[in-house]
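Here is a brief structural report. Look through the sequence and the structure before reading on.

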Amino acid sequence: MKIVSIKEKAVPISSNISNAFIDFSKMNASIVAVETDVVRNGKHVVGYGFNSNGRYAPSGLLKERFIPRLLEASPEEIVNDTGTNLSPEKIHQVLMNNEKPGGHGERTVAVGTLDMAVWDAVAKIEDVPLYKFLADQYGDGTIDEKVFVYAAGGYYHPNKGLPELQDEMKSYLDMGYSKVKMKVGGVPLEEDLKRIEAVIDVVGSGQNLMIDVNGRFNLEEAIHFGEAIKDYNLFWYEEVGDPLDYHLQAELSKVYPNAIATGENLFSVQDATNLIRYAGMNPKTDFLQFDCALSYGLVEYMKILKMLEENGWSSRNCIPHGGHQMSLNIAAGLKLYGNESYPGVFQPFGGFADGYAIDNGYVGLPDVPGIGFEAKEDLYQLLKTLNLEQKKAYIN
Ligand SMILES: O=C([O-])CC(=O)C(=O)O
Ligand SMILES: [Mg+2]
C-alpha cells in the first residue's frame with residue numbers, strides 16, 4: 001500500500017466581512033488530495049482535506065516541505081502494523097521529522113490539512129464513515145447520532161445595520177438552528193450592546209447567543225466589556241484577548257461570572273496544556289475551541305483530548321472552531337459537545353451534508369465512507385478539480 005500522488009492548490013474564500021481583528025478580503029484556503037494505490041469500487045481511494053478559515057493557504061509549506069516529505073517516506077513508515085491501512089499516527093511522525101518543538105507557526109495548518117486527507121482516505125479504505133471508525137478504534141464504540149451545531153455569523157459588513165443583523169439571525173433560526181454567534185469588539189461598546197440586544201430580541205434569550213471578540217481586547221477592555229454584558233447571561237464570551245495571553249484570561253475568569261470559550265488560535269498540545277494550566281478556565285462551565293485543521297490535525301487533537309482528561313476536563317467541553325465536516329465526525333465519534341457551523345459564510349467549506357437539515361440545533365451525519373465530502377455537492381465539485389488536474393498530469 002502506498003501514496004501515489006498528492007495535489008494541492010489554494011482557492012479563495014474571500015468576502016467583505018470583518019471581525020474585530022481582520023477582514024476576509026484576501027482569505028484563501030488550501031485544498032489537498034492524497035491518492036493511494038488502494039482500489040475501492042474500481043477506483044484509487046483519494047482522501048481530501050482543506051485548512052479551516054482564518055489562516056491563509058499554506059501552499060509554500062505544503063509544496064516545498066510536507067508533501068515531498070510524505071512522498072519520500074517508505075511504505076513501512078506510513079502503513080499500520082497489520083499492513084491493512086495507512087497509519088495517521090505514523091504519517092504524523094513522518095511529517096514532523098526534523099521539525100523543532102515550539103514556535104509552531106503555520107506549519108500546523110499545513111500538517112492539519114494533510115492529516116484531514118489522510119483520515120478521509122483511511123475511513124474510505126475501511127469503507128466506513130469516519131465518525132464510525134473513530135468511535136470503534138479510538139472511542140467507546142458508540143456514536144452520537146446527532147450533533148449540536150450553532151450558527152456562526154453576525155460579522156461586521158458594510159451597510160449592515162441592526163435590521164440586517166436581525167434578518168441574518170432570523171434566517172439561522174428558520175434553518176433550524178437554536179443558538180447563534182455574532183462578532184463584537186469592532187465598534188464602540190454602546191454600539192455593540194445595541195447589536196447584542198437586537199439579536200437577543202430575535203433569539204429570545206442570552207443563552208441562545210455567543211459573542212466573539214477575536215482577540216481584540218486588552219485586560220481592561222475585556223473586564224469592562226464583561227461587566228457590561230454579564231446580565232445578558234450569554235452562552236459564551238469568546239476569545240476575548242490575545243489567544244496566548246493566559247494572564248488576561250485568568251484575570252478575566254476571576255471576575256466574569258458566565259461561560260468563556262477560547263482555543264481556536266492555539267495550535268499544539270503544548271499551547272492547549274498551557275491554557276489549561278495557567279488561564280484559570282473552569283471545566284464546569286467553559287468551552288474549548290481547538291480546531292484540528294489548523295493545529296496539526298486529529299492525531300494532535302487526540303493528544304489534546306487525553307491531556308484534557310488527565311486534567312479533569314471532558315471531551316464534552318469541546319466545540320471546535322471551523323464549521324467543517326472533519327470536526328463534525330470527531331464530535332459524533334469521540335463525543336464532543338458539538339461543532340461550529342457557518343450557514344452563511346466560508347462556503348463551500350462551511351456547512352454539512354446535503355439533505356441533512358438542522359433540527360432544533362442538531363444535525364445528523366451521512367452514512368458514506370470517509371469524512372462525507374462526497375455528500376456535499378458544492379464542496380465535492382471543488383475538491384474533485386484536484387483529481388482532474390492529476391489525470392491530465394498522467395496523460396502529459
Ligand atoms: O471570524 C473568524 O475568524 C472566525 C471565528 O473566530 C469563529 O468562527 O469563531
Ligand atoms: Mg472565534
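## Paired strands

I31 stands opposite F50 in strand β3. This pairing belongs to a predicted model. Strand β3 covers residues 43-50 and runs antiparallel to β2, with seven bridges joining the two. Two residues lie between these strands in their hairpin. There, N41 adopts a positive phi near 50 degrees.

Strand β2 (residues 28-40) also pairs with β1, which spans residues 3-12. This pairing is antiparallel too, and it extends over nine bridges. One bridge links P12 to N28 in β2.

## Crossing helices

Helix α4 takes in residues 107-126, and helix α11 takes in residues 297-310. They pack with their axes 6 Å apart, at an angle of about 100 degrees. Angles of 65 to 115 degrees count as roughly perpendicular, so α4 is roughly perpendicular to α11.

Which residues of α4 meet G297, L298 and V299 in α11? They are V111, G112, D115, M116 and W119. By class, the residues of this contact are five nonpolar, two polar and one charged.

## Around ligand 1

The shell of ligand 1 consists of N19, G54, A152, D212, N214, E264, H321 and E340. How does this shell divide by class, and what is the count of each? Four residues are polar, three are charged and one is nonpolar.

D212 belongs to strand β6, which covers residues 209-212. This residue is part of the ligand shell, and so is E264. Both also appear in a UniProt annotation.

## What the UniProt record adds

The unreviewed UniProt entry marks D212, E238 and E264 under "binding site". These residues are spread over 53 residues of sequence. In space they cluster, and the largest C-alpha distance among them is 11.2 Å.

The unreviewed entry also lists a domain at residues 162-259. Its name in the record is "Mandelate racemase/muconate lactonizing enzyme C-terminal". In the model, this span is 51% helix and 11% strand. Its end C-alpha atoms lie 25 Å apart.

Conventions. Residues numbered from 1 in each chain as written. Chains lettered and ligands numbered in written order. Predicted model: local features only at pLDDT ≥ 70, side-chain atom pairs only at ≥ 80, totals over all residues. Near = placed C-beta within 6 Å. Nonpolar A, V, L, I, M, F, W, Y, C, P; charged D, E, K, R; others polar. UniProt positions renumbered as here; feature names shortened; annotations may be inferred. Helix = DSSP H or I, 4+ residues; strand = E, 2+ residues; numbered from the N terminus. Pairing = 2+ DSSP bridges. Axes fitted to C-alpha atoms, helices over the stretch in contact; angles between N-to-C directions. Parallel < 35°, antiparallel > 145°, perpendicular 65-115°, else oblique. Contact = placed C-beta atoms within 7 Å.
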